[in-house]
Amino acid sequence: MPELPEVETVRRALVPACEGREIASAYVGRPDLRWPLPENLATRLTGRTFMSLSRRGKFILARLDGHESLLLHLGMSGSIRIHDHRPDMVGKHDHVILEMAPPKSADGASANALANASAGASAGPCWVVFNDPRRFGWIDLFAGDTHPMVADMGPEPLGNLFSEDYLAAALDRRTGPIKTALLNQQIVAGIGNIYACEALFYAGLSPRRKAGTIRGARAERLVQSIREVLLRAIDEGGTSLRDHVQPGGEIGYFVQKLAVYGRAGEPCPACATPVRMLTQSGRSSFYCPTCQR
Ligand SMILES: [Zn+2]
């Protein structure tokens, strides 16, 4: 399931394919994904221009001309492909396809940066394909800049508002486990199961530890570990993006070097104790019983 780094990688790939470009045509293959898609979505998107793309937690927010924005969530299995030619066929799970006109304000420099930075996008037209086999993804078109889904979200973990003081205050008196608290998007945005496990490992904190005990040096270590695992993953995503020249143009998924996640029974990379797994709130947690307290 895509978390903050994967979504950020997708956003970065979409910038050259979408920003400053008009949607020449739109295909919407079904009326719903996780929820019903906005009515007449294809018609409402055609002829619109993407002004900017930002990310909030695991959501991509694309501002269009005419004071409307598009909200995109990749769900469990959503992915994006960018083609520099019209796809020969519409795949079974290709639910939305946007044909993007060449960039409007194509000064030479940005067009070149574009061609270099992205999978398949160039100074010519391109096709952005949203594929989602399990259909937990989510697309909405709304007026203004702020969608209710992101309005009460906690701070961005890579932003200035996310500090040890903030985290200690947000966790204060919480008796549930820290692992579960990290998945709460109102406490901190964008962290899912994989990076919660990884950050707790690098901070030396047990996933079972009571959230309310995280303060002082522990809060400092956890904030730092969260930032480090996310930044490292974003870097790897950027690397995979640069290396990605396959005609399929799929972006957003990359093999991540993980210390404990998905590695039950394998030796801890720090002390060689076998990594353990436990279930918390229905999700698997992976941890080293020796390193994490
Ligand atoms: Zn260990």
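In which helix is the place of Ser225? In the predicted model described here, Ser225 belongs to helix H8, which spans residues 216-242. Ser225 has a relative accessibility of 5% and therefore counts as buried, the limit for that class being under 20%. When residues up to four places away in sequence are set aside, the contacts of Ser225 are with Ala199, Tyr202 and Ala203.

The protein as a whole comprises eight helices and eleven strands, and 51% of its 293 residues count as buried. Among the contacts with a separation of 6 or more, 73% are between residues 24 or more positions apart. The accessible surface amounts to about 13400 Å², and carbon and sulfur atoms account for 52% of this area.

With regard to the interior, the largest nonpolar core contains 30 residues, and those with the most contacts inside it are Leu14, Leu45, Phe50, Ile80, Leu98, Val128 and Ile139. Helix H1 provides the largest share of this core, namely six residues. A second core, separate from the largest one, consists of 28 residues; among them are Leu4, Ile178, Ala199 and Leu200. Ala199 of this second core is also one of the residues touched by Ser225 of helix H8.

Helix H5, formed by residues 164-171, has Leu167, Ala168 and Leu171 as buried residues. Viewed down the axis of H5, the buried residues fall within an arc of 100°, so they line one face of the helix. Asp165 and Ala169, by contrast, are exposed on the other side of H5. The residue Arg173, which follows H5, has a positive phi, near 70°.

The structure contains 14 salt bridges. In one of these, the side chains of Glu156 and Arg56 meet with an N to O distance of 2.9 Å. Glu156 lies in the loop between helix H4 (148-151) and H5, whereas Arg56 lies in strand S2 (residues 50-56), so the salt bridge ties together parts of the chain that are 100 residues apart in sequence. Glu156 is buried, its relative accessible area being 17%. Both residues of this pair also take part in a network of salt bridges that links Glu8, Arg11, Arg12, Arg55, Arg56 and Glu156.

Another salt bridge joins Asp94 to Arg81, with the closest N and O atoms 3.1 Å apart. Asp94 is located in strand S6 (residues 94-100) and Arg81 in strand S5 (residues 79-83), so that this pair ties together parts 13 residues apart in sequence. Asp94 and Arg81 are both buried.

A further salt bridge involves helix H8, where the side chain of Glu236 meets that of Lys257 at 3.8 Å, N to O. Lys257 is in the loop between strand S9 (250-251) and strand S10 (276-280), and the two residues, 21 residues apart, link distant parts of the chain. The partners fall into opposite classes of accessibility: Lys257, at 65% relative accessibility, counts as exposed, whereas Glu236, at 18%, counts as buried.

At the surface, Met1, Met76 and Phe136 make a nonpolar patch of about 250 Å². Met1 is found in the segment before helix H1 (4-18) and is partly exposed, with a relative accessible area of 44%. This value is over the 30% required of patch residues, so Met1 meets the accessibility condition for inclusion in the patch.

Definitions and conventions:
Residues are numbered from 1 along each chain as its sequence is written. This is a predicted model: local features need pLDDT of at least 70, side-chain atom pairs count only at pLDDT 80 or more; totals for chains, interfaces and linings use all residues. Side-chain values use heavy atoms; hydrogens and water are left out. Patches are made of residues with over 30% relative accessible area and no salt bridge: like charges are joined within 9 Å, nonpolar side chains (Val, Leu, Ile, Met, Phe, Trp, Tyr) within 5 Å. Accessible areas come from the Shrake-Rupley method with a 1.4 Å probe; for residues, only the protein chains shown count as cover. A salt bridge is a side-chain nitrogen of Lys or Arg within 4 Å of a carboxyl oxygen of Asp or Glu. Helices (H or I, at least four residues) and strands (E, at least two) are DSSP runs, numbered from the N terminus. Buried means under 20% relative accessible area, exposed over 50%, partly exposed in between (1.4 Å probe, protein chains only). Contact means heavy atoms within 4.5 Å. The arc is that of the directions from the helix axis to the C-beta atoms. A nonpolar core is a set of buried Ala, Val, Leu, Ile, Met, Phe, Trp, Tyr and Cys residues joined through side-chain atoms within 4.5 Å.
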